Every structure is written in C-alpha cells, then in structure tokens.
Amino acid sequence: MSQASRIERSSMSVEVRNHCDVLVIGAGPAGFGAAVTAARRGRKVTLVEYGCKLGGMWTLGLLSPFFDNRHHDGLNAELRNHLQASGHWGGLWDMSFDPTEMTLLLDEMALDAGVDILLHTLFTEPIVEDGRVKGCFVENKSGCQAILADMVIDCTGDGDVAARAGARYEIGRPGDGAFQPMTMMFKIGGVKEEYPRDDIVGWFRELTKVLGEEQVLSEIPFDHPAIIKLPRPGEALIQWTHAKRRLGCDGDDLSKGILEGRRQVRKAMEFFGSIKSVLGDVYLLELPAVIGVRETRRILGKYYITDEDVRNGRRFDDGICLVRFGVDIHEPEESKQTCFGHAGFEIPMRSLIPEDLTGLLVAGRCISGSYIAHAAYRVTGNCLKMGEAAGNYV
Ligand SMILES: Cc1cc2nc3c(=O)[nH]c(=O)nc-3n(C[C@H](O)[C@H](O)[C@H](O)COP(=O)(O)OP(=O)(O)OC[C@H]3O[C@@H](n4cnc5c(N)ncnc54)[C@H](O)[C@@H]3O)c2cc1C
C-alpha cells in the first residue's frame, strides 16, 4: 500500500490571545534582554518560551562561565552584581554562576519589569502580510492561539520565526556547510576541593594516561573537554559530549543528538570512576532540560558581519555590542577545538534586521554574520547585549 508523503492541513479560526507592542519569541539570554529592556521602557511585552524556565542555555542548558559579561554594562552588570551579592557567582575564572539561582533571578527581574510570560509555549508560525510580520501563532496546553504585535523579536537561537517568514539564511561553514557539534552539558557533585578551580583539562590528561586516548575518544569524540567549577563547593559542570552532524533545527536530528549526548554522559560517568584520586568520587547531580546547540541558521540581515570585520576589529556607526570573546570552533568532523583571538569587533544594529521583512528583528546567535564571526559573538554576554539593543530599538 503506497503512503501519501504530504497531507493538506485544514485552515481554522484561532483565538487571538492578546495584542502587544512587542512579542519576543524565545527567552534565552537574547530574549530575556529584549523583553526586560522593552518592558522597562514602557512597552507592552509578551515573552513566549518553549521550555519551563527563562534563560535558555544559562538555565535549561546548564552552562557557565558567563563569557563576554565583564566589559558590558546594563543587564550584564546587573545580573553579575545580583549573583555576586547573593554568593552565587564565582567558580571557574571567577565568572561562573549557580544555574538554579539564575532561574529564580530571571523570573523576578522579568516580572518586576512587567513582562507577560508564557512558558511551555511553542512558536509555530508567523502571521505575515505583504512582507510585514504582524504576530505569531503559538501552541500550548490551551491549544493554538494567535498573538498580534507591532514588532516581533526572534530570539529562538535558530531563527525559527524569520526562517518561516521567508527570510534567507545560511547554515555552517562555506564550502561544505558543516556545522559545530551539539553538547549535552551535565552537573556533577563530589568534586575534590583540592582540584584546582581553573584547571579545566588536567583531569582529562590523567584519564587518557589511564585508559588511552584512542579508547576515550572512540566513546566521546572531543579532546578538549572542560570541568567548570561552580560557586558551591563540590559542584561542577562538565562540557565534554559531542553529538556531531546533528542539526538543532531538524526535529529528528535534535532527538538523535539528545539521545547520543545522554549516552555519552553515561560513558563519562563510567570514565570518572578511573580517576577518583584526581577528581574525587564524583556523582551525577543533574542533566539539563535541553542539549546545547552551538549553531543552526544565521538569518541574513541588512549587514553581514564578515571574517575581515573580525580580523580587522571593525567598528560601526550603529555598533551595539563589542565582541571580545575569541573565535571558538568545536570542529564539525574532528575531535578538536580551533580557537584564535582578535582585537575586538562590533556588531552593527543592521545585523539584527532581516533583509526583506519588516516588523521583525532577530537577536542572539541567529543574527547575520559569517561562520567565523558567529563562533565569537555567540557567547551569552553578547547575546544578552544584542537583546537589549533590540529592546531599545522598538
Ligand atoms: C554546549 C555549549 C556550551 C556553551 N558554553 C558557553 C559558555 O560557557 N559561556 C557562554 O557565554 N556561552 C556559551 N555557549 C554559547 C551560548 O550558550 C549560546 O550561543 C547562547 O545561549 C545563545 O543565546 P540565545 O538567546 O540566542 O539562544 P538560547 O540560549 O539557545 O535561547 C533560545 C531560547 O528560545 C527558546 N525557543 C527556541 N525555539 C523556540 C520556539 N519555536 N518557540 C518558543 N521558544 C523557543 C528555547 O527554548 C530557548 O530558551 C555555549 C553553547 C553551547 C551549545
């Protein structure tokens, strides 16, 4: 019996949940920054998030350190000051934080600003008329609803709204389109106090001495993993697993990447049993709610940040964020990481404005730039700053 490969979906009438000034889709660093900034400026803001927490990779993904935070003012400084004052800042390079405290803090700041927050809500389709984005359809426990807005800000990381509205985009490196692997972070407890706070790879060298590099890499294909000590004694995050050739904006790939990431976490915990004298008798404390996706779509905007802009430390009249973090590429095919520095370059506001659509901005890792530029601006301090710039623009 032959099976149809496509089926028509009937059109239906949908409840309009609300009409706001600014609709922000995705509540990671960029979305949080955009929503809080616009709301503090008196805009009526609705923030839609697919997960159960604000913060994206900070909270759902179990990430630290907070890179490119220290040189930015505004919300970067505010978050750092709050976390420092409450004793939840420190750890690796004195720029790591407790993800649970971050979750509570982001709720408080967004609610204080008056943001209307919809959790466990998935953006499904943009509402577009004559090239203008006028709102979005979302789906949650209430069913399908429409939210209308004067301006939509796509902070999904993947550029879901822009792509579905017809924006052009790139994925991966020039030539073969290969992209960086995903990583399932995880939190461990029981780490020895004597293990040096800022020694991210020493334990790995000891492990490969015991088990041999070939065996270790055959199970977990990345040779520059990191232990990220957190402010609370004994707790650390591990950034090691690599799910390669899985694209975060493809539903099947994402599921396969998550399952592969968790298989590697199990293996990592087994491996830690061989180096108890180095790390301590560590145990698995927490798995993240999402796998970490390094790169998917880069939405083409009114300006495209080039490799030369990175190398030349270019500044712009409409610069909104200074990127200091170096280019950091987890290689798509090999087990290694390629890193190099630069003099610092700016992101212009035009990189947040899609080329041919109105009523829409993008902020966060999906803005308009090259494979190389993205590998530097993607860290969270910059995504937060981009969100603030978008929130100030509307
Ligand atoms: C493994 C890993 C380690 C990293 N390590 C560091 C680090 O140590 N320090 C650092 O500063 N940066 C680090 N980065 C980079 C950084 O985490 C990301 O680039 C950054 O979080 C991107 O911010 P964002 O707001 O664009 O996206 P995200 O943080 O990915 O947030 C996007 C949000 O949108 C939501 N969303 C997505 N699609 C939809 C939809 N359709 N409907 C509703 N909601 C949706 C998601 O649930 C999520 O909450 C790391 C990245 C990875 C993957």
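A residue counts as partly exposed when the number of other C-beta atoms within 10 Å of its own falls between the limits for exposed, 12 or fewer, and buried, 20 or more. Trp-93 has 15 such atoms within 10 Å and is therefore partly exposed. The model is predicted, and this residue is one of several local features described below.

Overall architecture comes before the local detail. The chain contains 11 helices and 19 strands. Its radius of gyration is 21 Å, close to the 21 Å that the globule rule gives for 394 residues, so the chain is as compact as a globular protein of that length. Along the principal axes, the C-alpha atoms fill a box of roughly 65 × 65 × 45 Å. Half of the chain is buried: 50% of the 394 residues. Contacts reach far along the sequence. Of those between residues at least 6 apart, 76% join residues at least 24 apart.

One helix pair was examined in detail. Helix H1 spans residues 29-40 and helix H3 spans residues 99-113. Their axes come within 8 Å and cross at roughly 30°. Angles under 35 degrees count as roughly parallel, and H1 and H3 are therefore roughly parallel to each other. The crossing is left-handed. From H1, the contact is made by Phe-32, Ala-35, Val-36, Ala-39 and Arg-40. H3 contributes Leu-106, Met-109, Ala-110 and Ala-113. By class, the contact has eight nonpolar residues, one charged residue and no polar residues.

Backbone geometry was considered next. Most residues other than glycine have a negative phi, and most peptide bonds are trans. Three sites in the loops depart from this pattern. The peptide bond from Ser-64 to Pro-65 is cis, with omega near -5°. Pro-65 lies in the loop between strand E2 (45-48) and helix H2 (75-85).

The other two sites concern phi. Trp-93 is not a glycine, yet its phi is positive, at about 50°. This residue sits in the loop between strand E3 (89-90) and strand E4 (96-97). Asp-130 also has a positive phi of about 50° and is not a glycine. Its loop runs between strand E6 (122-129) and strand E7 (132-140). The surroundings of Asp-130 were assessed by the count used for Trp-93. Asp-130 has 6 C-beta neighbours inside 10 Å, so it counts as exposed. Trp-93, with 15, is partly exposed.

Methods:
Residues are numbered from 1 along each chain as its sequence is written. This is a predicted model: local features need pLDDT of at least 70, side-chain atom pairs count only at pLDDT 80 or more; totals for chains, interfaces and linings use all residues. Helices (H or I, at least four residues) and strands (E, at least two) are DSSP runs, numbered from the N terminus. The radius of gyration is taken over C-alpha atoms; the globule rule is 2.2 Å times the number of residues to the power 0.38. Two residues are in contact if their C-beta atoms, placed from the backbone, lie within 7 Å. Axes are lines fitted to C-alpha atoms, for helices over the stretch in contact, and angles run from 0 to 180 degrees between N-to-C directions. Angles under 35 degrees count as roughly parallel, over 145 as roughly antiparallel, 65 to 115 as roughly perpendicular and the rest as oblique. A crossing is left-handed if the near helix is turned anticlockwise from the far one by less than a right angle, and right-handed if clockwise. Ala, Val, Leu, Ile, Met, Phe, Trp, Tyr, Cys and Pro count as nonpolar, Asp, Glu, Lys and Arg as charged, and the others, Gly among them, as polar.
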